[in-house]
Amino acid sequence: MLSFDFSEEQLALRETVSRFAREVISPRAIQLDETDEFPHDIVKQMGGLGLLGLPIPEEYGGVGADFISYISAIEEISYASAALGVMLAVHTSVGSFPILYFGTDEQKQAYLPRLASGEWIGAFALTEPSAGSDAGGIRTRAVKQGDEYILNGEKIFITNAREANLFCVFAVTDPTKGKRGVSAFLVERDTPGFTIGPTEKKMGLHGSSTCALTFNDAHIPAASLLGQEGEGFRIAMQLLDGGRIGIAAQAQGIARSALDLTARYVQDRQQFGRPLAQLQAVQMLLADMATRVEAAHWLIYHAAKLKDAGKPCGKEASMAKLFASDGAMSVTTDAVQLHGGYGYIREYHVERLMRDAKVTQIYEGTNQIQRVVIARQLLKETLKK
Ligand code: CAA
């Protein structure tokens, strides 16, 4: 087991989630991948265990756990299913935290208990056809009319969209102000004029839904504004700072799963009259895989510790996301290679892990964007020295 100075409480929670993931989710991983169906029964059990409201304060129906525990939970769930890992990460980091951090008392009372219990699922709608990496280029418009806003526009690649009840939506309220003219809104699923498109067919992460959203004169109450008008871009960026630690943990769960499967396989598989594990060429690859996983672990929990301490963590979150997701891609690719022909067969799991790993280099900011965030912060810090 990897080490980090986890408290007894953090370790106990991690252990509980790990047991649940391996006993309840792992046996269903191949079925989820093949059917691409959302496992409502498992998500209900996750809600019952408090996993959908882990870092939400108890007064709003959550568990009140710290950020490190929440990140551990994403990692352990992702060890068994990366699809459920991202469901949890998006639901919490960018589906529930917007309300906890920026919501009014009324918004917190109205939504957090339902999200924390898992009765409602949360989603985050920033990306648009012409605004991916350039998140500030969104075009969805929100126009205030009396005590309502009217939304028009389109969002794409929205995780959890098929099941979500509440969407944190970013739209332009003042087109003359660029990124300072973006605002955030809480939009309920049954809002007239708001439609959810068909589920995208993806390379991996089967079981996690991804859909486009259309707003066609969707009327939402003015009270659905999150924070102040014009604060939306900053809100999105702050949420993504924490969100990226969650994606790093998801990637880490995938990588650890691939490493464990491979370390077992090479000890079973005999070639040239002995187990593969006795070949030094195999040992070299395994050692590199394990080193990547260990290093990612420290980056992830260092970033999570900063977040728990209320310190800036944008650069460290991007470093963790960059390193862990590149590591997951590399480790899962080597895992397939070390499994040889079996690695290409679904039953052996590692090809699924490789497909699931790929998106962790892309979403919540491509790894090229993570480098931009890291470099900008590094340059700022250097000037202060
Ligand atoms: N915290 C607070 N404020 C921030 C911030 C942060 N981390 N980063 C930027 N800001 C503020 C800046 O201070 C600036 O404020 P002022 O206007 O007051 O000066 C403002 O935001 C604009 O900042 P930049 O000029 O740096 O903005 P930019 O246009 O250069 O963009 C970027 C920066 C990092 C490239 C950003 O566009 C970005 O993160 N892009 C990637 C988008 C992304 O991650 N999308 C993920 C979609 S969600 C998802 O993937 C979920 C899922 O399905 C799993």
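**Exercise 1. Burial across the chain**

Task: Find what percentage of the residues in this predicted model are buried, and how the accessible surface divides by atom type.

Solution:
- Step 1. Start with the cut-off: a residue is buried when its relative accessible area is under 20%.
- Step 2. Apply the cut-off to the 385 residues of the chain, and 54% of them turn out to be buried.
- Step 3. Now turn to the surface: the accessible area of the chain is about 16,800 Å², and carbon and sulfur atoms supply 53% of it.

**Exercise 2. Overall form**

Task: Decide what the radius of gyration says about the chain as a globule, and describe the box that its C-alpha atoms fill.

Solution:
- Step 1. For 385 residues, a compact globule would have a radius of gyration near 21 Å.
- Step 2. The chain itself has 21 Å, so the value agrees with that of a compact globule.
- Step 3. Along the principal axes, the C-alpha atoms fill a box of roughly 80 × 55 × 40 Å.
- Step 4. Look at the contacts too: of those between residues at least 6 apart in sequence, 74% join residues at least 24 apart.
- Step 5. Finish with charge: there are 39 positive and 45 negative side chains, and the centres of these two sets are 6 Å apart.

**Exercise 3. Three annotated spans**

Task: The chain has 12 helices and 10 strands. Work out how much helix and strand each UniProt domain span holds.

Solution:
- Step 1. UniProt, in an unreviewed entry, lists "Acyl-CoA dehydrogenase/oxidase N-terminal" at residues 7-119. That span is 71% helix and 0% strand, with its end C-alpha atoms 30 Å apart.
- Step 2. The unreviewed entry in UniProt also places "Acyl-CoA oxidase/dehydrogenase middle" at residues 123-217. Here the figures are 0% helix and 51% strand, and the end C-alpha atoms lie 20 Å apart.
- Step 3. For residues 230-379, the unreviewed UniProt entry gives "Acyl-CoA dehydrogenase/oxidase C-terminal". This span is 75% helix and 3% strand, and 27 Å separates its end C-alpha atoms.

**Exercise 4. Four residues and their surroundings**

Task: For lysine 179, tyrosine 149, glutamine 250 and histidine 339, say where each one sits, and whether it is buried, partly exposed or exposed.

Solution:
- Step 1. Lysine 179 is in the loop between strand E4 (166-172) and strand E5 (182-188). Its relative accessible area is 47%, so it is partly exposed. Beyond four places in sequence, lysine 179 touches Gly136, Gly230 and Phe233. Compare its place with that of alanine 375: the two are 196 residues apart in sequence, and their C-alpha atoms are 21 Å apart.
- Step 2. Tyrosine 149 belongs to strand E3 (residues 148-159). With a relative accessibility of 2%, tyrosine 149 is buried. Setting aside residues up to four places away, its contacts include Thr173, Phe185, Ala218, Pro221 and Glu229. Alanine 218 is 69 residues from tyrosine 149 along the chain, yet their C-alpha atoms are separated by 8.1 Å.
- Step 3. Glutamine 250 is part of helix H8 (residues 232-268). Its relative accessible area is 0%, so glutamine 250 is buried. Apart from neighbours within four places in sequence, glutamine 250 meets Ile74, Ser78, Ala82, Val86, Leu205, Thr360 and Tyr363.
- Step 4. Histidine 339 lies in the loop between helix H10 (314-338) and helix H11 (350-358). Its relative accessibility is 3%, so histidine 339 counts as buried. Leaving out residues up to four places away, histidine 339 touches Leu261, Thr262, Tyr265, Tyr348 and Val350.

**Exercise 5. Two positive phi angles**

Task: Describe the phi angle of phenylalanine 272 and of glutamate 364, then say whether each residue is buried or exposed.

Solution:
- Step 1. Recall the background: most residues other than glycine have a negative phi.
- Step 2. Phenylalanine 272 is not a glycine, yet its phi is positive, at about 50°. This residue is in the loop between strand E9 (270-271) and strand E10 (274-275).
- Step 3. Glutamate 364 also has a positive phi, near 50°. Glutamate 364 lies in the loop between H11 and helix H12 (367-384).
- Step 4. Now use the cut-offs: under 20% is buried and over 50% is exposed. At 75%, phenylalanine 272 is therefore exposed, whereas glutamate 364, at 13%, is buried.

Methods. Residues numbered from 1 in each chain as written. Predicted model: local features only at pLDDT ≥ 70, side-chain atom pairs only at ≥ 80, totals over all residues. Heavy atoms only, no water. Helix = DSSP H or I, 4+ residues; strand = E, 2+ residues; numbered from the N terminus. Rg over C-alpha atoms; globule rule 2.2 N^0.38 Å. Buried < 20%, exposed > 50% of the residue type's maximum accessible area, 1.4 Å probe, protein only. Contact = heavy atoms within 4.5 Å. Areas by Shrake-Rupley, 256 points an atom, 1.4 Å probe, with all protein chains shown as cover. Lys, Arg positive; Asp, Glu negative; His and termini not counted. Charge placed at Lys NZ, Arg CZ, Asp CG, Glu CD. UniProt positions renumbered as here; feature names shortened; annotations may be inferred.
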